[in-house]
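Okay, thanks for coming, everyone. Please have a look at the picture and the sequence, and then I'll walk you through a few spots I like.

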Amino acid sequence: MNINVQRWIDRWAGIPLCAAVSAVDAVARRFRKDADVAPRAIVVILLSEMGSLVLAHEMFAQLRQRYPGAPLHALLFGKNREILDLMKVVDPANVHTVDDKSLGGLLSSLWKAIGELRRAHVDVAIDCELFSRISSLLSYASGARIRVGFHRHTQEGLYRGSHINRPVPYNPYHHISAQFLTLARAIDSTAVPKSKLPANLALTGTGKAPPHVQLDASLVPGIQARLAQDFPAIAGKPLVLVYPGGGILPIRAWPLESYTALCQGLVADGCAVAVIGLKDDQALARQLVANVQAAFPASPTNAVIDLTGYTRSISELLALFHVARLLVTNDGGPGQFAALTPIWTLMLFGPETPGLYAPLTPKCHSFYSQWPCSPCLTAYNHRSSYCDGDNQCLKVIAPGAVLAKARECLEAP
């Protein structure tokens, strides 16, 4: 479904449903006394963001360490499942998926997932979504007696009921990985707010890079062989990948003219440049390739190639990251996936801030201009920017500065 349709449903159907569920829960609490017992099973709800799954790696690890007797479950959109399986933080049998391609598919898959969670006797639900109503409703529908999630507390707006009984304040000054850890600690916190932890219980592991995923042994040689066969002109040259697309949030994209200047400089340095993305990004990729080739009229180059739609899975994309030396990308999934591989990454932030979403790897450098209106994609506006599309926060990032940093990374061991 279109993201604006999802937001509309979440608001106009979600608010009354949250109010109704909260009223039912308030009555039920009068007749129910929750025993202080160890969790039997825990579900993590992180529906929409593939990149956030990577940033949640340490949270999954700490949950397994703190509650070894409680099986971990995950509820997410089906299109995001592969990255979770590659990370191996949840038993594949305990991964429950939701189909968001259509309203009918969404409702039927939700019904199935709720039934699976109830049969698994899930009694703790951790809602990692930023003020989504559907995820808070799912935490209640799962049957969990303990429901952890971000809460507005005294803020106006962002209503999603009072049925979240382990409310955690969202903190826009802390990296999202640290906030996920706070959600995990809120399960047995007795403080108010639940994120208030004494010094001896301070969060550990914040900023810790996730381990590199283990790919099938044939994937990296397979990608190398395909590239050699399909694009022999790039053989022997250091390969740089660029991701110029903005995905469902085009405002996150560095201008095409800036990518063109960067790629022209890289080709002039003797690098091969490959444009990556989904099939929907092919028109943009072809324009970028044509722009770069036009800069070398006397000696046309085949050192810039279009790889949009070339990889058939996240696994193949990660294999491509093993083959390449550097990735230059807008804020989005590819930059987070790169943290699971050895590749160097340059990530361009503008509408969002690296203070919250920078990949957790020392091999990533983030560009951010500190523009006065940035970040404008926040939990408080459901990542719906008020910008008119003139994303000066990204336009002021100079291609020369990015090229200089790219050269540093390419010279590194």
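So, which residues touch the most other members of the largest nonpolar core? They are M59, L63, L241 and F321, in a core of 75 residues. Helix α12, residues 314-323, gives the largest share of this core, with six residues. And keep in mind that what you're seeing is a predicted model.

There's a second core too, separate from that one, with 31 residues, and L266, V273, C409 and L410 are included in it. If you're wondering about the general idea, nonpolar side chains tend to be buried together in soluble globular proteins.

Let's stay with M59 for a second. Leaving aside neighbours within four places in sequence, M59 is in contact with V44, C128, F180, L181 and A184.

Next up, strands. Find β5, residues 146-151. Is β5 mostly covered or mostly open? Mostly covered: six of its six residues are buried. On one hand, β5 pairs with β4, residues 124-127, through four bridges, and the two run parallel. If you want a place to put your finger, I126 has V148 in β5 as its bridge partner. To get from β4 to β5, the chain goes through helix α7, residues 133-141, and this β-α-β crossover is right-handed. On the other hand, β5 is joined to β6, residues 166-169, again by four bridges and again in parallel. Here V148 turns up once more, with R166 in β6 as its bridge partner.

While we're in that area, look at D123, in the loop between α6 and β4. D123 is a buried residue, because its relative accessible area is 4% and the cut-off for buried is under 20%. And what is D123 in contact with, leaving aside its neighbours within four places in sequence? A38, P39, R40, A41, A144, R145 and I146.

Now for charges. Side chains of opposite charge can pair when their charged atoms come close. How many salt bridges does the count come to? It comes to 17, and I'll show you a few.

Start with D10 and R133, whose side chains meet in a salt bridge at 3.8 Å, N to O. D10 sits in helix α1, residues 3-12, and R133 in helix α7, so to speak a long-distance call: they're distant parts of the chain, 123 residues apart. Both partners are buried, D10 at 12% relative accessibility and R133 at 7%.

Then there's R29 with D25, where the closest N and O atoms are 2.4 Å apart. These two both lie in helix α2, residues 14-30, four residues apart, which is about one turn of the helix. Are R29 and D25 buried or exposed? R29 counts as partly exposed, at 39% relative accessibility, while D25 counts as buried, at 1%. And there's a third member here: D25, R29 and R147 are linked in a network of salt bridges.

One more pair: K79 and D100, with closest N and O atoms 3.2 Å apart. K79 is in the loop between β2 and α5, and D100 is in the loop between β3 and α6, so this salt bridge ties together parts that are 21 residues apart in sequence. K79 counts as exposed, at 53% relative accessibility, but D100 is buried, at 9%.

Okay, two last stops. Q179 is in helix α8, residues 176-185, and it's buried, with a relative accessible area of 3%. What does the side chain of Q179 reach at 2.6 Å? The backbone oxygen of N171. N171 is also among the contacts of Q179 beyond four places in sequence, along with F150, P169, Y170, H174 and L356.

And finally Y259, in helix α10, residues 256-268. Y259 counts as buried, at 0% relative accessibility. A polar contact of 2.9 Å joins the side chains of Y259 and N330. Setting aside neighbours within four places in sequence, the contacts of Y259 include V242, Y243, P244, W254, L288 and V328. For contrast, try Q224: it's 35 residues from Y259 along the chain, and their C-alpha atoms are separated by 25 Å.

That's my tour. Go ahead and spin the model around!

Note on methods:
Residues are numbered from 1 along each chain as its sequence is written. This is a predicted model: local features need pLDDT of at least 70, side-chain atom pairs count only at pLDDT 80 or more; totals for chains, interfaces and linings use all residues. Side-chain values use heavy atoms; hydrogens and water are left out. Buried means under 20% relative accessible area, exposed over 50%, partly exposed in between (1.4 Å probe, protein chains only). Two strands pair if DSSP finds at least two bridges between them. A crossover is right-handed if, with the strands pointing away from the viewer, the path from the first strand over the helix to the second runs clockwise. A salt bridge is a side-chain nitrogen of Lys or Arg within 4 Å of a carboxyl oxygen of Asp or Glu. Contact means heavy atoms within 4.5 Å. A nonpolar core is a set of buried Ala, Val, Leu, Ile, Met, Phe, Trp, Tyr and Cys residues joined through side-chain atoms within 4.5 Å. A polar contact is a pair of N or O atoms within 3.5 Å; within protein, one must be able to donate a hydrogen and the other to accept it, and residues adjacent in sequence count only if both atoms are side-chain atoms.
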